[in-house]
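Here is my notebook from a first walk through this structure. Have the sequence and the 3D view open, and follow along with me.

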Amino acid sequence: LFTVYYGAVINPESLTTFKALPRCLFLVNGDGYIDWIVDDVESSDLQNVLASKGLIDIDVYVLKNGEFVMPGFVDTHTHAPQVPNIGSGQQYELLDWLENVTFPMESKFSDAEFARKTYPSVVQRFINAGTTTCCYYATIHLEATKILADVVKHQGQRAFVGKCNMNRNSPDNYRESSEEESIAATKELIAYIQSIDSDLVHPILTPRFAISCTSPLLSSLGDMLKSDPNLAIQTHISENQNEVKLTLELFSESTTYAGVYDDHGLLTERMILAHAVHLGESELQLIAVRKAGISHCPTSNFNLRSGMAKVGEMLDRGIKVGLGTDVSGGYSPSILTAVQHTSICSKMVANHSMHQSSSSNGTFANKQLPMTTLLYLATMGGAEVCNLSHKIGNLQPGKSFDALIVSVRHDAGNPAVWGFEDDFEHVPTKEELEGFLERFLFCGDDRNISKVFVQGRLVGGKSFVKGA
Ligand code: GUN
Ligand code: FE
């Protein structure tokens, strides 16, 4: 079975361009892939165009005025077991926050029953926020992490699921007892995720951060990466100044934080590095050469007082960048909040650099990021960081239909359309549609996300009823 959609489409294209198409016609096939797209079809011409595709007398899903389709969001960094902690411990910086708030909550997932009760609503929360692909950290617990993978598969999200590797510098009740135990459990998780036979769920190596891992553990993970060319890896880097200092004390043979990961064979194009707030020049160069990706997590970076990442500079260097919610360092599971804080962060970096007379010769460095770039980072940028751009990120024939139906109508409860929404004949102009997008990105929320599709399957959104 296939579905034909007709209406407004927002389609990102590059860091500096996107398409706002007020009357687009496209077909999603029974396997959840986009078959074809026609950019501009007048309603009087609809039947003719369908007939030219061999489609006669078929139902078309017609979007209302104030609704549009756009690619789903990619959250390149978040912590599923920290969702129950959202909004607590807001007074701490990173290392104290981990000790006092985060590790105590994560340790509860030693109880598989707790995981079974908690993870379904966690995953649905991310889906309903419009996240169609999510990079999850679980905990150190194999059983609970398998449960998270099961839940993600069952609820139909596209995801990377990783069991944290942590064999030092955390409490006794929340630490793996040896490198061997950590590696064995990691291998078992990978085998398990491969055995549940899902095209959507991928395993990912997850050394929490250098501080949590001994050098032999990092080396063993490097060996695993080398022996499996499809395996992805995620970690934290250079988030907080005390963290950077402690990392360099623990790894005195390495000259920089990025160097620690590189010296253990972890810094490759399959690496997702979260935060990257305090990186130096040589580290940025190394990351660009290794083609690793960066997950920009501004909500968390503001909230834990970590600092402001220089995203524009990374983009000018050609480094892949996506957005991350980093729950619960970040207090919002929505990439929309990350978009808003990415904008504010870029504005404050620009403001600060003006007072410092820093260079703004590049396209993005030390400038505020325009809406087009924000849209790109939330979708295609995330897809690149996950090495999934051949599959997702925007709407193109051959790509998966991972998409949102967004409503900025009055009946959504958080409108951007005033006065003319019941006029079904009204087709928004390109400018009106761009205005809808801006309002959605800067003040939209779950109320505006009516439907969430992954691989063509309806998996969430405001109008989604479980089991229906
Ligand atoms: N560094 C190591 N672990 C964490 C975590 O859970 N959250 C954040 N924000 N940083 C980390
Ligand atoms: Fe994090």
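**Entry 1: the ligand**

How many nonpolar, polar and charged residues does the shell around ligand 1 have? I noted beforehand that this is a predicted model. My tally by class came to 3 nonpolar, 5 polar and 3 charged residues. I then wrote down the names: H79, L94, L98, T102, R208, F209, H236, E239, S300, D326 and G329 surround ligand 1. Next I looked up which element gives the largest share of this shell, and found helix α2 (residues 94-107), with 3 residues.

**Entry 2: two domains**

I looked up how the chain is divided. Domain 1 takes in 3-71 + 394-460, and domain 2 covers 73-385. Their C-alpha centres lie 31 Å apart. To the contact between them, domain 1 gives 23 residues and domain 2 gives 25 residues. On the domain 1 side, I listed the elements that give two or more residues: β1 (3-14), β2 (17-28), α14 (430-443), β16 (449-454) and β17 (457-460). I sorted that side by class too, and it has 11 nonpolar, 7 polar and 5 charged residues.

**Entry 3: helix α13**

I checked the length of α13 (residues 371-385) against what its residue count predicts. At 1.5 Å a residue, its 15 residues should span 21 Å, and the end C-alpha atoms are 20 Å apart, which agrees. I also found a kink of about 50° in α13, centred on L377. Is α13 largely enclosed or left open by the rest of the structure? It is largely enclosed, because 13 of its 15 residues are buried. After the helix comes N387, with a positive phi near 55°.

**Entry 4: helix α4**

I repeated the length check on α4 (residues 142-155). Its 14 residues, at 1.5 Å each, should span 20 Å, and the end C-alpha atoms are indeed 20 Å apart. Which residues of α4 are buried? I found A144, T145, K146, I147, L148, A149, D150, V151 and V152. These buried residues pack against α3 (112-128), β7 (131-137), β8 (158-162), α5 (179-195) and β10 (201-207). G156 follows α4, and its phi is positive, near 85°.

**Entry 5: backbone exceptions**

I reminded myself that most residues other than glycine have a negative phi, and that most peptide bonds are trans. Then I went looking for exceptions.

- The peptide bond from V327 to S328 is cis, with omega near 0°. I placed S328 in the loop between β14 (320-323) and α12 (335-356).
- N366 is not a glycine, yet its phi is positive, near 60°. I found N366 in the loop between α12 and α13. N366 has 21 other C-beta atoms within 10 Å, so it is buried.
- Q455, also not a glycine, has a positive phi of about 50°. The loop between β16 and β17 holds Q455. With 20 C-beta neighbours inside 10 Å, Q455 counts as buried.

**Entry 6: three single residues**

I started with Q91, in the loop between β6 (73-79) and α2. Is Q91 buried or exposed? It counts as exposed, because it has 10 C-beta neighbours inside 10 Å, and the cut-off for exposed is 12 or fewer. I also looked up its distance to C213: the two are 122 residues apart along the chain, and their C-alpha atoms are separated by 26 Å.

Then I turned to A258, in helix α8 (residues 257-263). A258 is buried, with 24 other C-beta atoms within 10 Å. Leaving out residues up to four places away in sequence, A258 touches I237, L267, L279, E283, L286 and I287. K163 is 95 residues from A258 in sequence and 22 Å away in space, C-alpha to C-alpha.

My last stop was F109, in the loop between α2 and α3. F109 has 23 other C-beta atoms within 10 Å, so it is buried. What does F109 touch, not counting residues up to four places away in sequence? I noted P81, F114, A115, T139, H141 and A144. One of these, A144, I had already met among the buried residues of α4. Finally, I looked up F109 and H426: they are 317 residues apart along the chain, and their C-alpha atoms are separated by 52 Å.

Note on methods: Residues numbered from 1 in each chain as written. Chains lettered and ligands numbered in written order. Predicted model: local features only at pLDDT ≥ 70, side-chain atom pairs only at ≥ 80, totals over all residues. Near = placed C-beta within 6 Å. Helix = DSSP H or I, 4+ residues; strand = E, 2+ residues; numbered from the N terminus. Nonpolar A, V, L, I, M, F, W, Y, C, P; charged D, E, K, R; others polar. Expected span 1.5 Å × (residues − 1). Bend = angle between axes of the 7 residues up to and from the residue. Domains from an automatic or database assignment. Contact = placed C-beta atoms within 7 Å.
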